[in-house]
Amino acid sequence: MRRKFKHIAFIILLLSPLAAWAFVKPVRVLAPELAGVTCLSAHICVDDASRFVEATRLYDEGVSFVQSQVGTMQSPPRAIFCSTAECSRTFGLTQAMAYNVGTFGVVIGDRGWRSYLVRHELIHHLQNERLGSLNAVLLKPVWFREGMAYSLSEDPRRPLPPRLDGYRADFESWVQANGPPTALDRSGSPMKTPSRGAATANVGRI
Ligand SMILES: [Zn+2]
């Protein structure tokens, strides 16, 4: 029985990286070349090499915008730029146009090649660097994380869909009352942010 258990445990251990690869699409961000994109520089991977220059320009613009307007990144992430819907789907993008995975990487889908969307994902990367990925997701309210990304990326869409527009409005009124989030400045001081409880009490939108 014990032996059988060991065998099963061993098989699960063998299969789990494979399972993670197959079922958790963002995991592909960690090894994008296995998903058919080519990393042509330390930071940029593309599925279509002819768009590498365009991707690099968007990425560089995004990084320098976020560094100068929002806060200094310790280590700018790798970014995967998909040119086709098929590539986007491979990385798990269906509705969304882009996403980020902790501090590991950013994926820009075929409909996401816009400077404000690249900045948006880089702002999430910065939040994760400063707050810790888990802390950022679990302890900071979504209106704060998303509102900051929509607001500080200078997303020109006004209005956004109602829920997202609400996040941005809540963040902008929070900044009016509290000043800019301090941990995103260059001092690296502890972040002055609302806790989830405070957010619920103040905003009541979550
Ligand atoms: Zn976002």
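## Close-up views of helices 2, 4, 6 and 7

**View A. The buried residues of helix 6.** Trp 143, Phe 144, Arg 145, Glu 146, Gly 147, Met 148, Ala 149, Tyr 150 and Leu 152 are the buried residues of helix 6. A residue is buried if 20 or more other C-beta atoms lie within 10 Å of its own, exposed if 12 or fewer, and partly exposed in between, with C-beta atoms placed from the backbone. The model is predicted: local features need pLDDT of at least 70, side-chain atom pairs count only at pLDDT 80 or more, and totals for chains, interfaces and linings use all residues. Residues are numbered from 1 along each chain as its sequence is written. Helix 6 covers residues 142-152 and is mostly covered, with nine of its eleven residues buried.

**View B. The whole protein, for orientation.** The protein has eight helices and five strands. Both are DSSP runs numbered from the N terminus (helices: H or I, at least four residues; strands: E, at least two). Their order along the sequence is α-β-β-α-β-α-β-β-α-α-α-α-α. The protein has 206 residues, and 36% of them count as buried. Take the contacts between residues at least 6 apart in sequence: 59% join residues at least 24 apart. Two residues are in contact if their C-beta atoms, placed from the backbone, lie within 7 Å.

**View C. Arg 145 in helix 6.** Arg 145 counts as buried because 20 other C-beta atoms lie within 10 Å. Leaving aside residues up to four places away in sequence, Arg 145 touches Gln 127, Ala 136 and Lys 140. Phe 171 is 26 residues from Arg 145 along the chain, and their C-alpha atoms are separated by 8.5 Å.

**View D. Helix 6 crossing helix 7.** The two axes come within 7 Å and cross at roughly 90°. Axes are lines fitted to C-alpha atoms, for helices over the stretch in contact, and angles run from 0 to 180 degrees between N-to-C directions. Helix 6 is therefore roughly perpendicular to helix 7. Angles of 65 to 115 degrees earn that label; under 35 is roughly parallel, over 145 roughly antiparallel, and the rest oblique. From helix 6 come Val 142, Trp 143, Phe 144, Glu 146, Gly 147, Met 148, Tyr 150 and Ser 151. They meet Leu 164, Tyr 167, Arg 168, Asp 170, Phe 171 and Glu 172 of helix 7. By class, this contact has eight nonpolar, two polar and four charged residues. Ala, Val, Leu, Ile, Met, Phe, Trp, Tyr, Cys and Pro count as nonpolar, Asp, Glu, Lys and Arg as charged, and the others, Gly among them, as polar.

**View E. The loop between helix 6 and helix 7.** Glu 154 sits in this loop, just after helix 6. Its phi is positive, near 60°, in a residue other than glycine. Glu 154 counts as exposed because it has 12 C-beta neighbours inside 10 Å. Pro 159 lies in the loop too, ahead of helix 7 (162-178). A cis peptide bond joins Arg 158 to Pro 159, with omega about 0°. Most residues other than glycine have a negative phi, and most peptide bonds are trans.

**View F. Helix 4 against helix 6.** The helices pack at about 135°, with axes 8 Å apart. They are therefore oblique to each other. The crossing is right-handed: the near helix is turned clockwise from the far one by less than a right angle, whereas anticlockwise would be left-handed. Helix 4 brings His 120, Ile 123, His 124 and Gln 127 to the contact, and helix 6 brings Arg 145, Met 148, Ala 149, Tyr 150 and Leu 152. Five of these residues are nonpolar, three polar and one charged.

**View G. Helix 4 from end to end.** Helix 4 runs over residues 115-131. Of its 17 residues, 14 are buried, so the helix is mostly covered. At 1.5 Å a residue its 17 residues should span 24 Å, and the end C-alpha atoms are indeed 24 Å apart. The expected span is 1.5 Å times one less than the number of residues. Gly 132 follows helix 4 with a positive phi, near 85°.

**View H. Helix 2 against helix 4.** Helix 2 (residues 52-69) packs on helix 4 at about 50°, with axes 9 Å apart. The pair is therefore oblique, and the crossing is right-handed. Leu 58, Tyr 59, Glu 61, Gly 62, Val 63, Phe 65 and Val 66 in helix 2 meet Ser 115, Val 118, Arg 119, Leu 122, Ile 123 and Leu 126 in helix 4. This contact divides into nine nonpolar, two polar and two charged residues.
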